[in-house]
Amino acid sequence: MLSIALPTGRVLSEAQDLLASLGLPTAKLRKAGRSLVVQDGNCHYLLAKPMDVPLYAHYGIADLALVGSDVLAESASSLIELADTGRGRCRLVVAGPQALDSRFWGHESAIMGLRVATKYPRIADSHFASRGAQVRIISLNGSIELAPLLDLSDCILDIVQTGTTLEANGLVVLDEVAPVSLRLVASRRSAQLRWQEIAPLLEKLDAIREETL
Ligand code: PRP
């Protein structure tokens, strides 16, 4: 019996499709509704907020977890990344009003002191530090695009997938931070203890990726 932590929200259906393609049961998972723990065949699924998923693997409650590389980077966890699934692709970007665009292409002094709203304060800090700019980070939990609209911030650092939310709020991409995809992770302990069950999944994942290349 494997326990697997999964992120709720927009990537859940992609995670379910991936699990199904690995031959894991998903019929009950797909009908979970508001249930947060689902027993489906030989799998025990735990459904958590994306930012909390690494914790369930870290504390050994889940043997495995599917987690976005954005969340992994922000949590700075010591989990082992077993595979990049290639699913759940999106981008971490800095976005804001078009008027700010030229400042991102000039000297770092032009972006010094910007107010950046984000739910990724650690990534934002390191991204702007790598550009040599000190900024003011405003930590929010969601609907980040609201911040520059109401002058709570100058720009945002957030994920963009289709670009619909940015466009609907009159914002544009100013800077690329990193590509994002779902990663299969485990704690060091789980990887050792459950390797016999984990290894065949990694082999299937490799085979699927080769088929799609
Ligand atoms: C995420 C992200 C953006 C949006 C981007 O929010 O924070 O707001 O999706 O997606 P798009 O490019 O396809 O429009 P999410 O819907 O996960 O909710 P949140 O704002 O509560 O974090």
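A residue is called buried here when its relative accessible area is under 20%, and by that rule buried residues make up 45% of the 213 residues in the protein chain of this predicted model.

**The whole chain**

Start with the complete chain in view, whose C-alpha atoms fill a box of roughly 55 × 35 × 30 Å when this is taken along the principal axes. Colouring by secondary structure should bring out nine helices and eleven strands. If you then display contacts between residues at least 6 apart in sequence, 67% of them join residues that are at least 24 apart.

**Two domains and the interface**

Next, give separate colours to domain 1, which consists of residues 2–89 together with 181–212, and domain 2, which runs over residues 90–180. Eleven residues from domain 1 and eleven residues from domain 2 take part in the contact, while the C-alpha centres of the two domains lie 29 Å apart.

The area buried between domain 1 and domain 2 is about 980 Å², and carbon and sulfur atoms give 49% of that area. Select Asp70, Glu74 and Arg89 on the domain 1 side, since these residues supply 53% of the area that domain 1 buries against domain 2, more than any other three residues. Helix H4 contributes four residues to the side of domain 1 that touches domain 2, and this is the largest share. Which kinds of polar pairing cross the interface of domain 1 and domain 2? There are six residue pairs in polar contact, with both residues at pLDDT 80 or more, whereas the count of salt bridges between the two domains is zero.

**Helix H5 and its two sides**

Now move to helix H5, residues 121–130, and show the side chains of Ile123, Ala124, His127 and Phe128, which are buried. These four cover an arc of only 120° around the axis, and they therefore sit on the same side of H5. An α-helix has 3.6 residues a turn, so residues three or four places apart point the same way. Turn the helix to its other side and you will find Ala129 and Ser130, which are exposed.

To see what surrounds the buried residues of H5, add helix H4 (69–75) and the strands E6 (90–96), E7 (115–118), E8 (136–139), E9 (155–160) and E10 (172–180), against which these residues pack. Just after H5, select glycine 132, where phi is positive at about 80°.

**A closer look at histidine 127**

Stay with helix H5 and centre the view on histidine 127. Is this residue buried or exposed? With a relative accessible area of 11%, histidine 127 is buried, because that value falls under the 20% limit. A distance drawn between the side chains of histidine 127 and aspartate 175 marks a polar contact of 2.8 Å. Leaving aside neighbours within four places in sequence, histidine 127 is in contact with Val94, Leu157, Asp175, Glu176 and Val177.

**Two loop residues with positive phi**

Finish in the loops, and select serine 143 in the one between E8 and helix H6 (146–149). Phi of serine 143 is near 45°, a positive value in a residue other than glycine, and serine 143 is exposed, with a relative accessible area of 57%. Then go on to aspartate 151, which lies in the loop between H6 and E9. Aspartate 151 is not a glycine, although phi there is positive at about 60°, and at 52% relative accessibility aspartate 151 counts as exposed.

Notes
Residues are numbered from 1 along each chain as its sequence is written. This is a predicted model: local features need pLDDT of at least 70, side-chain atom pairs count only at pLDDT 80 or more; totals for chains, interfaces and linings use all residues. Side-chain values use heavy atoms; hydrogens and water are left out. Buried means under 20% relative accessible area, exposed over 50%, partly exposed in between (1.4 Å probe, protein chains only). The arc is that of the directions from the helix axis to the C-beta atoms. Contact means heavy atoms within 4.5 Å. A polar contact is a pair of N or O atoms within 3.5 Å; within protein, one must be able to donate a hydrogen and the other to accept it, and residues adjacent in sequence count only if both atoms are side-chain atoms. Domain bounds come from an automatic or database domain assignment. Buried area is the accessible area (1.4 Å probe) that two parts lose on being put together, summed over both. A salt bridge is a side-chain nitrogen of Lys or Arg within 4 Å of a carboxyl oxygen of Asp or Glu.
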